[in-house]
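Hi everyone, thanks for coming. I'll walk you through one structure today, so please have it open on your screen and turn it along with me.

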Amino acid sequence: MEDIQHTERASKVLQMAMEYCCNDGYEFVTPEHLLEAMMRDDDIFVHVLANFARTDVMLNELIMQIDEGGRMPAGIDYEPVASAQLEQVVEYAYQQVVNN
């Protein structure tokens, strides 16, 4: 895969997703963590999304879904890694950029 530079906004959202994952004790960064970061940081994204759903309800449901995932035991030092699903999402986005 060819290297594409992240925008400052994309880098910030990816970093936030990693932090949410780490702070909550999850082993894998998932598309849900990415969506949570986008909903908490990106006013434009939330504004557009609000045309289709109540974003406050959606964020609460998303957090409840994330909480159903397995957490790492307390006291273990680790660094979260991207889940297979997140890698697929990123690959799809990459293909959209390259092919359009």
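**Two helices meeting**

Let's jump straight in: K12, V13, L14, M16, A17, Y20 and C21 in α1 meet H33, L34, E36, A37, M38, R40 and D41 in α2. If you sort the residues of that contact by type, you get nine nonpolar, one polar and four charged. How are the two helices placed? The angle between α1 and α2 is about 115 degrees, and their axes lie 8 Å apart. The crossing of α1 and α2 is right-handed. Oh, and I should have said this right away: what you're looking at is a predicted model.

**Stepping back**

Okay, zoom out. How many helices and strands does the protein chain have? There are five helices and two strands. Go along the sequence and the pattern reads α-β-α-α-α-β-α. The C-alpha trace spans about 45 × 35 × 20 Å along its principal axes. Of the 100 residues in the protein chain, buried ones make up 25%. The chain exposes about 7,300 Å², and carbon and sulfur atoms supply 54% of that.

Here's a number to think about while you trace the chain. Take the contacts with a separation of 6 or more: 62% of them are between residues 24 or more positions apart.

**Into the core**

Now look inside. The largest nonpolar core has 16 residues, and those with the most contacts inside it are A17, V29, L34, A37, M39 and L62. Which elements give two or more residues to this core? They are α1 (8–23), α2 (31–41), α3 (43–49) and α4 (55–67). The largest share, five residues, comes from α1. You've already met A17 in α1, and L34 and A37 in α2, where those helices meet.

Click on V29 for me. Skip its neighbours within four places in sequence, and V29 is in contact with A17, M18, C21, P80, V81, A82, S83 and L86.

**Four residues to click on**

S83 was in that V29 list, so let's go there. You'll find S83 in the loop between β2 (81–82) and α5 (84–99). Is S83 buried or exposed? Its relative accessible area is 4%, and buried means under 20%, so S83 is buried. Not counting residues up to four places away in sequence, S83 touches F28, V29, T30 and P31.

Next, E79, in the loop between α4 and β2. Exposed means over 50%, and E79 has 65% relative accessibility, so E79 counts as exposed. Find F28 as well: E79 and F28 are 51 residues apart along the chain, yet their C-alpha atoms are separated by 8.8 Å.

Third stop, T55, in helix α4. This one is buried, with a relative accessible area of 19%. Apart from its neighbours within four places in sequence, T55 is in contact with M39, V46, L49 and A50. M39 should ring a bell, since it was among the core residues with the most contacts.

Last one: Y92, in helix α5. Y92 counts as exposed, at 55% relative accessibility. How far apart are Y92 and M39 in space? From C-alpha to C-alpha they are 20 Å apart, with their positions 53 residues apart in sequence. Put that pair beside E79 and F28, with 51 residues along the chain and 8.8 Å between C-alpha atoms, and try drawing both lines on your screen.

That's my tour. Any questions?

Note on methods. Residues are numbered from 1 along each chain as its sequence is written. This is a predicted model: local features need pLDDT of at least 70, side-chain atom pairs count only at pLDDT 80 or more; totals for chains, interfaces and linings use all residues. Side-chain values use heavy atoms; hydrogens and water are left out. A nonpolar core is a set of buried Ala, Val, Leu, Ile, Met, Phe, Trp, Tyr and Cys residues joined through side-chain atoms within 4.5 Å. Buried means under 20% relative accessible area, exposed over 50%, partly exposed in between (1.4 Å probe, protein chains only). Helices (H or I, at least four residues) and strands (E, at least two) are DSSP runs, numbered from the N terminus. Contact means heavy atoms within 4.5 Å. Axes are lines fitted to C-alpha atoms, for helices over the stretch in contact, and angles run from 0 to 180 degrees between N-to-C directions. A crossing is left-handed if the near helix is turned anticlockwise from the far one by less than a right angle, and right-handed if clockwise. Ala, Val, Leu, Ile, Met, Phe, Trp, Tyr, Cys and Pro count as nonpolar, Asp, Glu, Lys and Arg as charged, and the others, Gly among them, as polar. Accessible areas come from the Shrake-Rupley method with a 1.4 Å probe; for residues, only the protein chains shown count as cover.
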